[in-house]
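Here's a quick tour of one sheet and two surface patches. Have a look at the picture first, then read on.

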Amino acid sequence: MSLSYQKAPSTATLACLQSALSSLRISHHAAPAITHITRRNASHQAQGRANGAKDGAGKRLGAKKTGGEYVVPGNILFKQRGTHWFPGDNCFMGRDHTIHAGSPGYVRYYRDPVRHPKRKFIGIVFEKDQSLPQPTHAVRRRQLGMLAYQMPTPPSTEPLPDALTSTVTGSPTKIRDATAVSVRHSSKNPGGLQLSLRPGYQYRQSNYEIGRSGEKKEEAANAQGKTIRAFAKFKPGDRFAAWRKSALRIARNNERKAMGRGGKGGGKKKVA
Amino acid sequence: MALQRASRPVARCVRQSNLLNKRTLATTTIEPGFTDAAPPPPPSAPPSRTRNPLTASTPAAEKQLAQQRQVPVGSRRRRAALASTTQIPFVQLPYQCFQEARAFLREDRQEKLEAIRAQRDKIARLGDQVVVGEQDGEVERRKQREKENRVRSMGRRLAEMKVLADINDPVVKKKFEDGQSDMSKPIYRHLADAKWRSYKRVLLLQRLTQMHVMPDVLPALDPVVSTELAFPTSANSTTSKLRSVHHGDFVPSALAEHAPTLWIQPYDQGTRLCTIVVVNPDVPNVEKDGFDYRCHYLAVNLPVSPTDTRVRLGEVESQRKGDVILDWLPAYAQKGAPYQRMSIIILEQPSPAPTLTSPFGTAAQSRVLDVNQITEDPRYITRQGFKLRSFVDRYSLKAVGADLFRTKWDEGTAGVMQRAGIVGWDVEFLRKRVEPLPYQRMGGERYR
């Protein structure tokens, strides 16, 4: 029994006592009631995918060939996520970091501090007694792995047509001829147009051609003894022509003003 | 005119600075007819009354220019400024801070020149001293060695001081950046070397190591001379255009048919004799299922100095610049064979005896290799199976530089091989079939 007295009073008991004593209290702004203390219970989703699935199927990673085993080109030596192992001599790494054999031989797992201080390598040697890494300055061991055959159709041996001596052959527009569209000659397009596929998938003239269009039209008109110019070509010092031109302009402006559209801004005139 | 008023202060500055002694700070000698700036345009109103399109700024002058059938260059404001200031030489730029800094540097340089003079005297005095000791004794030999060491280290210090005297000179910096450096002067060599080491050498070393030239052709290589390679586009290398090739680039076989031009730039003083070897370590050998070496070019006794850098490999003999032992063989790789690395190695020929390098910088003479002796040795006159390691050891050469290009079969290769009389232009390499591993059938119960 003595043990039960030593125990601290439970929360429920304290709450009872608190409510009993509260009626006797004179001031109400006393310490906060114990019943108002909030509690958070330990609760955690324990089922389902709450913390990410950790028990998926195994991915069958790891060594597929042991050290010293005989392999042929293309054999998978090691499957991994990331690069735990690097391809050494006569090996190569696939798209998903898998190490493959590059030539027939025997597998070696090794480190090469000269090549890299931390990396682990998988390599291939051609003889059973050879080892990796090779001495630092030694010539690398390599295999040709090929055979020489007579070509079924011997290649033509004419010298190349000026491929080397001339750096630029023709204009760049001519190179793109495969993608060019030509527009026939018309009064609007004297001499026709050469439209080529420009960046942005547009068939249009090059900027240089566009810039020359006025000039070309004038040339075509000149050939027929005409001109497309509204005024004769500007000649510095020709005061009479300048006077005629300015007089025309002034007359035109006066006419426009008389029509009631002369003001700036081009909007409606304010009605008072 | 407001325009002329605006450009007046600059013009005044220039007029005053004309009083300054020109080239007081310059460390370089100047050739006659050469100035830091471009030749100044003629004044705006010379006696012949011709107008300069660069300087005509008034309407009247422009009219006269039009009568000369010329168009004014630039804005009117610019033309007025040019007319009143001409072209200011770099050293006379009218900035007070700049001029004061130059004066300060001038003083500093005088101090350094004094130090150089003192160092030279010291070395000369030390060189004159005779080592005293018992004749043919160990003590005397040791003292002699100590003296040689001291002279050598003092010489090194002297070379350093020469560079330090000029390193702050703005004219030197400008000339170097404008490509007008004189490689016979230590300061320009120093700057060029630093520039080469900052990027191009790193790139070269990367190419050499990643393409495994180092263990395959030579055990180790520490380039100290920079190289540039260019191929002529036709047989005549003097007249035809050159196409430059970056380290390790693929070169079309038609381009690599003729001997290239090589620029070898050493960064230390003096002329030395070099050997140039072009080795291909990737020649396929079907019998041994591996690769062989082939020498595409071998020339010895080529003089190379910081100012004379160009070597036309095809014209070494005709220009009497060295001895060709194996002439240029076009670079080629047969169809289907893997690409082949053509490594160009520059080897320095050693000095006849390990003598004391003069502290005043005249480099020791290189030994001339005996061509007859080399040509007697069948190992070094046969292209196939040429072992560069053996050659380097035999003549105690030192690899100082390298360049690299690659070649593979292309549409021009067959023609190149036929013209050069190389057999095997119609040979094709195909992969050898490797028997797959036997399928290990597991026990029958596995499939039940």
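## A sheet and two patches

B:Ala299 stands opposite B:Val324 in β8(B). Strand β6 (residues 290-304) of chain B pairs with β8(B) in the antiparallel sense, over three bridges. Strands count as a pair if DSSP finds at least two bridges between them, and a strand is a DSSP run of E with at least two residues, while a helix is a run of H or I with at least four.

This is a predicted model, where local features need pLDDT of at least 70, side-chain atom pairs count only at pLDDT 80 or more, and totals for chains, interfaces and linings use all residues. Residues are numbered from 1 along each chain as its sequence is written, chains are lettered from A and ligands numbered from 1 in written order, and side-chain values use heavy atoms, with hydrogens and water left out.

Zooming out, six strands of chain B form an open sheet with mixed pairing, in the order β3-β10-β9-β5-β6-β8. At its edges sit β3 (249-250) and β8 (323-326) of chain B, each pairing on one side only.

Now for chain A. Here are two residues from its surface patches, rated as buried (under 20% relative accessible area), exposed (over 50%) or partly exposed (in between), with a 1.4 Å probe and protein chains only.

| Residue | Relative accessibility | Rating |
|---|---|---|
| A:Arg249 | 44% | partly exposed |
| A:Leu24 | 68% | exposed |

A:Arg249, found in helix α5 (residues 239-258) of chain A, joins A:Lys245, A:Arg252 and A:Arg256 in a positive surface patch. A:Leu24 lies in the loop between α2 (11-22) and β1 (62-63) of chain A. Together with A:Leu14, A:Leu17 and A:Leu21, A:Leu24 forms a nonpolar surface patch with about 390 Å² of accessible area. Patch residues have over 30% relative accessible area and no salt bridge (a side-chain nitrogen of Lys or Arg within 4 Å of a carboxyl oxygen of Asp or Glu); like charges are joined within 9 Å, and nonpolar side chains within 5 Å.

Definitions and conventions. Accessible areas come from the Shrake-Rupley method with a 1.4 Å probe; for residues, only the protein chains shown count as cover. Lys and Arg count as positive and Asp and Glu as negative; His and the chain ends are not counted. The place of a charge is taken as NZ of Lys, CZ of Arg, CG of Asp or CD of Glu.
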